[in-house]
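Here is a short briefing to keep beside you while you turn the structure around on screen. It goes from the whole chain to single side chains.

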Amino acid sequence: STSCRGRDWSQRPWFRAVADGLRSHITQVYRSSATDAFCFTVSVPILDAQGRLLRVLGADVRLSALV
């Protein structure tokens with residue numbers, strides 16, 4: 001599999017939803033362009049002690065892993 005390290009995800013809808021709202025987000029189910037598997041993305045904000053956004057953590061979940 002190809003590495004995601006160093007890629008800019010900041011304009012992806014799952015990233016923007018968290019960055020703009022400062023709360024967790026779960027996407028609709030979609031077919032991954034990388035693996036062709038059905039999945040969804042869960043993303044959460046990583047905040048500092050003052051509540052400012054430091055990072056967005058996102059993870060893809062394959063539907064086949066849940067059944």
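**Contacts and overall layout**

In this chain, 25% of the contacts between residues at least 6 apart in sequence join residues at least 24 apart. Please keep in mind that you are looking at a predicted model. The chain has 67 residues, and 21% of them count as buried.

**Fold and dimensions**

- You will find 1 helix and 4 strands in the chain.
- Read from the N terminus, these elements follow the order α-β-β-β-β.
- The C-alpha trace spans about 40 × 25 × 15 Å along its principal axes.

**Surface and charge**

- About 5300 Å² of the chain is exposed, and carbon and sulfur atoms supply 53% of that area.
- On the charged side of the ledger, there are 9 positive and 5 negative side chains.
- The centres of these two sets of charges lie 2 Å apart.

**Salt bridges**

- How many salt bridges does a search of the whole structure find? The search gives 3.
- One of them joins the side chains of R16 and D20, with an N to O distance of 2.7 Å.
- Both R16 and D20 belong to helix 1, which covers residues 13-21. They sit 4 residues apart, and that is about one turn of the helix.
- The two partners can be described by their accessibility: R16 has a relative accessible area of 28%, so it is partly exposed, while D20 counts as exposed because its value is 57%.
- R31 pairs with D36 in another salt bridge, where the closest N and O atoms are 3.6 Å apart.
- Is R31 exposed or partly exposed? With a relative accessible area of 47%, R31 is partly exposed, since the exposed class begins over 50%.
- R52 and D48 form a salt bridge as well, and here the closest N and O atoms are 2.9 Å apart.

**A nonpolar patch on the surface**

- Which residues form the nonpolar patch on the surface? They are V29, F38, L63, L66 and V67.
- Together, these five side chains' residues have about 510 Å² of accessible area.
- For a closer look at one member of the patch, try L66, which is found in the segment after strand 4 (53-62).
- L66 counts as exposed because its relative accessibility is 55%.

Technical notes: Residues are numbered from 1 along each chain as its sequence is written. This is a predicted model: local features need pLDDT of at least 70, side-chain atom pairs count only at pLDDT 80 or more; totals for chains, interfaces and linings use all residues. Side-chain values use heavy atoms; hydrogens and water are left out. Patches are made of residues with over 30% relative accessible area and no salt bridge: like charges are joined within 9 Å, nonpolar side chains (Val, Leu, Ile, Met, Phe, Trp, Tyr) within 5 Å. Accessible areas come from the Shrake-Rupley method with a 1.4 Å probe; for residues, only the protein chains shown count as cover. A salt bridge is a side-chain nitrogen of Lys or Arg within 4 Å of a carboxyl oxygen of Asp or Glu. Helices (H or I, at least four residues) and strands (E, at least two) are DSSP runs, numbered from the N terminus. Buried means under 20% relative accessible area, exposed over 50%, partly exposed in between (1.4 Å probe, protein chains only). Contact means heavy atoms within 4.5 Å. Lys and Arg count as positive and Asp and Glu as negative; His and the chain ends are not counted. The place of a charge is taken as NZ of Lys, CZ of Arg, CG of Asp or CD of Glu.
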